[in-house]
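Here is a protein shown together with its ligands. The paragraphs below go through the surroundings of the ligands and then the chain as a whole.

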Amino acid sequence: MTCRVAVYGAGSWGTAFSLVLADAGCEVTLWGRRAELVDAINSTGSNPDYLPQVKFPAQVRATTNPAEAARGADIAVFAVSAQKVRPLLEQWRPLWEPRTVLLSLMKGAELGTGLLMSEVIAETTGARPDRIAVVSGPNLSAEVVDRMPAASVVACADESTAAVVQTACHTSYFRPYTNTDVVGCELGGVVKNVIALAVGVTDGMGLGDNTKASLMTRGLAEATRLGVAMGADPMTLGGLAGMGDLVATCSSKLSRNHSFGARLGRGLTVEEAQAATTQTAEGVASCRAVQELAERHGVEMPITHAVVDMVHNGREPQDVVRELMSRAATSESVGR
Ligand SMILES: NC(=O)c1ccc[n+]([C@@H]2O[C@H](COP(=O)([O-])OP(=O)(O)OC[C@H]3O[C@@H](n4cnc5c(N)ncnc54)[C@H](O)[C@@H]3O)[C@@H](O)[C@H]2O)c1
Ligand SMILES: O=P(O)(O)OC[C@H](O)CO
């Protein structure tokens, strides 16, 4: 039977993931909030504002009506900015059938609560963990829509739910693995955005590949330490949703988080970097939520602190780098 999917959010990843779902044989209803964009998608089969190179197959239709998207949906997919999703979920929760799987594509933690997106979904909808899933991995949307091979992870506490989502998005170029470690997969996606900001800064400053490799490796150590404190399997952070996504995001000029950091590193102010960023760079807000989580769980995350200092406390990149490097010398095994 054809899988029916509602995708909420017609930005970059909502657009790219709709293509993946359609290529995998699903019927997709893509919700967008702007009528002119939805009309353009329905009349031209492409999204003029995000990834206009995509030509949707006929089984992708767009709507501004969240209830129309929800009707008969086997899976409801959320691809809006992490800080904006709570009120939408609160408003829309009666729209989905009790059997509908609620799937987050978002890689952010909520400011103020420190909740991961699966937790925001659970809190707002009351859905049980076996109905809530996430997709996370090295999936830069511009490469995905060019159908360049990529792997990813579908995480859900319930393996059979993860398998349903896996089938719904498995194509010749998108290979999803399943995992029951939801916290580990989500945290990998959240923390890599913070580390990509740091790597972007040092790239923007003209620093080298040794710097980049050091930040990525120690950034992975931060993600793993926090993950373990929050109940994740450390092996998950070494997988696609952890190391895999860290490598893709920190290495790619397509990454919005890396680009934001690079602007700071080149000397732009935070306000100037923000003005130049037209799409969601989740790490900018989430770095503070990650810092709060680190404090709550008693975990040391110096790179995350450095990013918060540059993005929110007005600190100069040069000073922050110097400070990071001159911390007391320690053993690599500390805090493992
Ligand atoms: N782009 C990627 O390559 C990629 C890949 C994997 C995961 N993600 C994650 O997916 C999520 C969405 O990212 P994106 O790249 O699609 O961002 P985007 O900026 O391209 O699109 C965000 C979408 O959210 C919508 N939106 C913002 N505020 C809203 C509000 N208040 N109400 C309703 N809609 C609102 C925007 O209209 C837009 O359609 C992020 O958490 C991101 O980390 C992105
Ligand atoms: O463009 P970014 O920095 O949001 O990264 C996009 C994806 O998360 C990469 O997997």
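**Around the ligands**

Ligand 2 is surrounded by K107, P138, N139, L140, N193, A196, D245, A248, T249, S255, R256 and N257. Three helices each give two or more residues to this shell: α8 (182-204), α11 (240-251) and α12 (256-265). Of the elements, α11 contributes the most to the shell around ligand 2, namely three residues. The model in which these residues are placed is a predicted one.

By residue type, the shell around ligand 2 holds four nonpolar, five polar and three charged residues. The shell can also be read by domain. Domain 1 (4-180) and domain 2 (190-325) each supply at least three residues to the surroundings of ligand 2.

Ligand 1 has 24 residues around it, and those that come nearest are G11, S12, M106, S141 and T280. Which element gives the largest share of the shell around ligand 1? That share, three residues, comes from helix α1, which covers residues 12-23. Sorted by type, the shell around ligand 1 consists of ten nonpolar, ten polar and four charged residues.

Where does ligand 1 lie with respect to the domains? Both domain 1 (4-180) and domain 2 (190-325) give residues to the shell around ligand 1, so this ligand lies between them.

**The chain as a whole**

The next step is from the ligands to the protein itself. Its secondary structure amounts to 16 helices and eight strands. The radius of gyration of the protein is 19 Å, close to the 20 Å that the globule rule gives for 336 residues, so the protein is as compact as a globular protein of that length. Taken along the principal axes, the box filled by the C-alpha atoms comes to roughly 60 × 35 × 35 Å.

Two further values describe how the residues are packed. Among the 336 residues of the protein, 52% count as buried. When contacts with a separation of 6 or more are considered, 72% of them are between residues 24 or more positions apart.

One stretch of the chain carries an annotation. An unreviewed UniProt entry places the feature "domain: Glycerol-3-phosphate dehydrogenase NAD-dependent N-terminal" at residues 5-161. In the model, residues 5-161 are 33% helix and 21% strand. The C-alpha atoms at the two ends of that span lie 14 Å apart.

Conventions. Residues are numbered from 1 along each chain as its sequence is written. Chains are lettered from A and ligands numbered from 1 in the order in which they are written. This is a predicted model: local features need pLDDT of at least 70, side-chain atom pairs count only at pLDDT 80 or more; totals for chains, interfaces and linings use all residues. A residue is near a molecule or strand if its C-beta atom, placed from the backbone, lies within 6 Å of it. Helices (H or I, at least four residues) and strands (E, at least two) are DSSP runs, numbered from the N terminus. Ala, Val, Leu, Ile, Met, Phe, Trp, Tyr, Cys and Pro count as nonpolar, Asp, Glu, Lys and Arg as charged, and the others, Gly among them, as polar. Domain bounds come from an automatic or database domain assignment. The radius of gyration is taken over C-alpha atoms; the globule rule is 2.2 Å times the number of residues to the power 0.38. A residue is buried if 20 or more other C-beta atoms lie within 10 Å of its own, exposed if 12 or fewer, and partly exposed in between; C-beta atoms are placed from the backbone. Two residues are in contact if their C-beta atoms, placed from the backbone, lie within 7 Å. UniProt positions are given in the numbering used here, feature names are shortened, and annotations may be inferred rather than shown by experiment.
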